[in-house]
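Okay, thanks for coming, everyone. I've got a few places in this structure to walk through, so let me put it up on the screen.

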Amino acid sequence: MFSSIISGTIHGIRSLLIQVEVDVSKGLPCFQMVGLLGSEVREARERVKVALKNAGMPLPPMCINVNLSPADVRKSGALFDLPVAVGILEALGFLPKESAKDIVIVGELGLDGEVKPVRGVLPIVREAKAQGIRHCIVPQGNAAEGAVVQGIEIIGVSDIRQAIGYLHASEEERQEQVMPRLDVPALLRSRQECLELDFADVSGQESVKRAAEIAAAGFHHFLMIGAPGSGKTMIAKRMPSILPPLSIEESMEVSAIYSIAGMLPQDEVLMSRRPFIAPHHLTTKQALAGGGKVVSPGMVTLAHRGILFLDEMPEFKRETLDVLRQPLEDKKIQIARSSGTYHYPADFMLVGAMNPCPCGYHPNPHKCRCTPHEVHCYQQRISGPILDRIDICVETPVMEISGLEGKSIQECSKQIRERVIAARDRQEARFVGTQLCFNADMGVKDIKKHCLLGSHERKLLEQAFTALQLTARSYHRILKVARTIADLAGEERIREEHLAEAICYRVTESKFMT
């Protein structure tokens, strides 16, 4: 007696469909599972036996063999419990033959037969749809998560009896158990309107807010340097409120990452706002990059399509910061382990904040207590290659009391966001038919096509290149920032004033560093 059930697993960020093959025969009683299994998958034998017993269907003393195919893909997690149980019941004749045909089944079993939520349901359902499958049985706790995928029917079950009841039911009865489809665009709009922090709370610092607006409009990496209490962290925490909203595809992509990591919020079936990840400076490079014994996404991947905020950047270990070199350039990270090579997306906006010295008040001679050597060593904790990858760098001056007590009304996030979205719309029209989303995504060929300069602008850039001793990377990043400034101004071509402002944002040793 043989049965085959379709299930799924996660390999890195990819989802794969797995065939759960079950053979039940007479012979020495046993329960064997093969197929390059992790320890939690092998433990499914005990969970399945006890769950079926407590559900009133004890296993007979027979030889049960289970194979998870393909056998060269490592399987981990507890999501195979339910498909293994269903496969055994079908092989034993408790379920009609092929009752689970063309149905993807995932779920963890409790000892009482309860079907518990699992990680990675969203990407597995998306993969099932891509493979032409139109039905998925998932835990009730994951049903809403799967229902955001259009064109596939989701059946949420709370225990194994409910799953068996669905497989015994007629076509009409099955339709009654299908999870209603969710209106994804309406869901995203309702969530995106809930903004907690606002730029209206920030007094003064107009130049810094202008730089933050440019960074948000073009998705450029952004660094603020200034004394303690000048508003760096306050501005960084409000940057999500001015970022353009996630598109449906971006939301699906980010939600899949959080589903795999088991971090999808319980009250949200989709990530509706761009992530904001702010790791502590004691974070290890492994936590930042990802990996582990059971490979999982790191913070650079959790910040995908959003912001990775590093407060007090020099306090991070230099080797930890240098982990960011490849993701900042390639927008992805590759992790090699004995179990395989894993590729994770890491297209994030780096926002950094730092003091100019250990005490924070350099170069104020009345307040700074640091020696030149201490200042130099502190600033050298951030390597040149990391600084060269930052598009926009600004100084946050110390606020005067007149600015804090001023009666003028500060511009709110909604007003800034409207300009950012208008600039984003211009970029979307420019990059239609390509994989590019923001100006920061442009490669060399794209820059040559979309960042054309006149004779005056070209001469200005040549002078800056020589005077500031810029690198080729800096040259291209200046052009991308200038393109964003022109988009915010509603200009089709980059003008001299746009280029001059972009040049002012470059990090140079003579600007802030000793």
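Let's start at valine 394, which sits in strand β18, residues 392-396. Before I go on: this is a predicted model, so local features need pLDDT of at least 70 and side-chain atom pairs count only at pLDDT 80 or more, while totals for chains, interfaces and linings use all residues. Numbering runs from 1 along each chain as its sequence is written, and side-chain values use heavy atoms, with hydrogens and water left out. When I say strand or helix, I mean DSSP runs numbered from the N terminus: E, at least two residues, for strands, and H or I, at least four, for helices.

So, is valine 394 buried or exposed? Buried, with a relative accessible area of 7%; the cut-offs are under 20% for buried, over 50% for exposed and partly exposed in between, with a 1.4 Å probe and protein chains only. Its C-alpha is 8.5 Å from that of arginine 506, although 112 residues separate the two along the chain.

Now the sheet around β18. It's an open one with five strands, in the order β11-β14-β17-β10-β18, and the pairing is parallel. β11 (276-277) and β18 are the edge strands with a single partner each, so each has one side without a neighbour in the sheet. Pairing here takes at least two DSSP bridges between two strands. For β14 (residues 307-311) and β17 (residues 349-354), there are five bridges. Look at leucine 308: across from it in β17 is leucine 350.

Next, helix α9, residues 206-218. Its 13 residues span 19 Å from first C-alpha to last, close to the expected 18 Å, where expected means 1.5 Å times one less than the number of residues. How many of the 13 residues of α9 are buried? It's 10, so the helix is largely enclosed by the rest of the structure. Among those buried are Lys209 and Glu213, along with Val208 and Ile214. Right after α9 comes phenylalanine 219, with a positive phi near 60°.

Last stop, the largest pocket. It's lined by 31 residues, with Glu40, Ser76, Gly77, Val294 and Val295 nearest its centre. β1 (2-11), α1 (39-42), β13 (296-297) and β16 (340-345) each put at least two residues into the lining, and β1 gives the most, three. By pocket I mean, on a 1 Å grid over the protein atoms alone, an open set of points where a 1.4 Å probe fits, with protein on both sides within 12 Å along at least five of seven lines; lining residues have an atom within 4 Å of a point. That's it from me, so let's discuss.
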